[in-house]
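Let's look at this model together and ask what stands behind the words we use for it. Each reply sets a value against its cut-off.

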Amino acid sequence: MASYEGILKWIHCQSPRSNHNDPTRPELDVVTLLWDGEQVARRDMGTGESWTLDVTRPLPGPATVEVVVRPNVDGSVEEVIGTVVLSEALVGTGIPATDFHDAHFDEAGAQYRLTYKVQVVSDPVDEPPPVA
């Protein structure tokens, strides 16, 4: 029986939620990725930044990945700006250019793109014992 794994490849910030209008500080968001509620990545991101994630996890069933951002300023609150559900239905054809999926999030003043895929993990084949 085949098993599956989900891979979060990268995230790109087109525009952060942060908008403090202070020219002495960069506009940055604290970006957190949650996999079924568990934090798997966290980092500050600003306009035009891409972050290579390479987060790979077994996928025994569908998994929910949430993208959570908050402006990197005191008193700001986190907000889920997007969600994807990884499942075996997303397995690609094996051609690298077509196996990845992009989810675009434009919420609460933030614009991000998450790239991910689901792939089959080959199970070891049971070999019969040698014939004596």
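Q: What makes the neighbours of Leu 114 count as contacts, and which residues are they?
A: This is a predicted model, and a contact here needs heavy atoms within 4.5 Å. Leaving aside residues up to four places away in sequence, Leu 114 touches Trp 10, Ile 11, Leu 53, Val 65, Val 67, Val 84, His 101, Asp 102, Ala 103 and Phe 105.

Q: Which residues have the most contacts inside the largest nonpolar core?
A: Leu 114 is one of them, together with Leu 8, Ile 11, Leu 53, Leu 86 and Tyr 112. This core has 27 residues. Strands E1, E2, E3, E4, E5, E6, E7 and E8 each give two or more residues to it, and E8 gives the most, with five.

Q: Why is it called a nonpolar core?
A: The name applies because its members are buried residues from a set of nonpolar types, joined through side-chain atoms within 4.5 Å. In soluble globular proteins, nonpolar side chains tend to be buried together.

Q: How do you know that E1 and E8 are paired?
A: Pairing takes at least two bridges, and E1 and E8 have eleven, in the antiparallel sense; therefore they count as paired strands. One of the partnerships sets Leu 8 against Tyr 116 in E8.

Q: What makes E4 and E7 the edge strands of their sheet?
A: Each of them pairs on one side only. The sheet is open, with four strands in the order E4-E1-E8-E7 and antiparallel pairing. On average, its neighbouring strands are turned by 20 degrees against each other, direction ignored.

Q: What sense does the pairing of E2 and E3 have, and over how many bridges does it run?
A: E2 and E3 are antiparallel, over eight bridges. Trp 35 stands opposite Glu 38 in E3. The hairpin has two residues between the strands, and Asp 36 lies in that loop.

Q: What is notable about phi of Asp 36?
A: Phi of Asp 36 is near 50 degrees, a positive value in a residue other than glycine. Asp 54 also has a positive phi near 50 degrees, but its place is in strand E4.

Q: Why is Asp 54 called partly exposed?
A: The relative accessible area of Asp 54 is 44%. Partly exposed lies between the 20% and 50% cut-offs, so Asp 54 earns that label.

Q: Why is Thr 32 called buried?
A: Thr 32, in strand E2, has a relative accessible area of 3%. Buried means under 20%, so Thr 32 qualifies. Its neighbours, not counting residues up to four places away in sequence, are Gln 39, Ala 41, Arg 42, Glu 66, Val 67, Val 68 and Glu 78.

Q: What makes the link between the side chains of Thr 32 and Arg 42 a polar contact?
A: The distance is 2.7 Å, and a polar contact needs N or O atoms within 3.5 Å, with one able to donate a hydrogen and the other to accept it. The pair of Thr 32 and Arg 42 is therefore listed as a polar contact.

Q: How do the elements of the protein chain run from the N terminus on?
A: The order is β-β-β-β-β-β-α-β-β, with one helix and eight strands.

Q: Why is the protein chain called more spread out than a compact globule?
A: Its radius of gyration is 19 Å, well over the 14 Å that the globule rule gives for 132 residues, so the description holds. The C-alpha atoms fill a box of roughly 80 × 30 × 20 Å along the principal axes.

Key:
Residues are numbered from 1 along each chain as its sequence is written. This is a predicted model: local features need pLDDT of at least 70, side-chain atom pairs count only at pLDDT 80 or more; totals for chains, interfaces and linings use all residues. Side-chain values use heavy atoms; hydrogens and water are left out. Buried means under 20% relative accessible area, exposed over 50%, partly exposed in between (1.4 Å probe, protein chains only). Axes are lines fitted to C-alpha atoms, for helices over the stretch in contact, and angles run from 0 to 180 degrees between N-to-C directions. The radius of gyration is taken over C-alpha atoms; the globule rule is 2.2 Å times the number of residues to the power 0.38.
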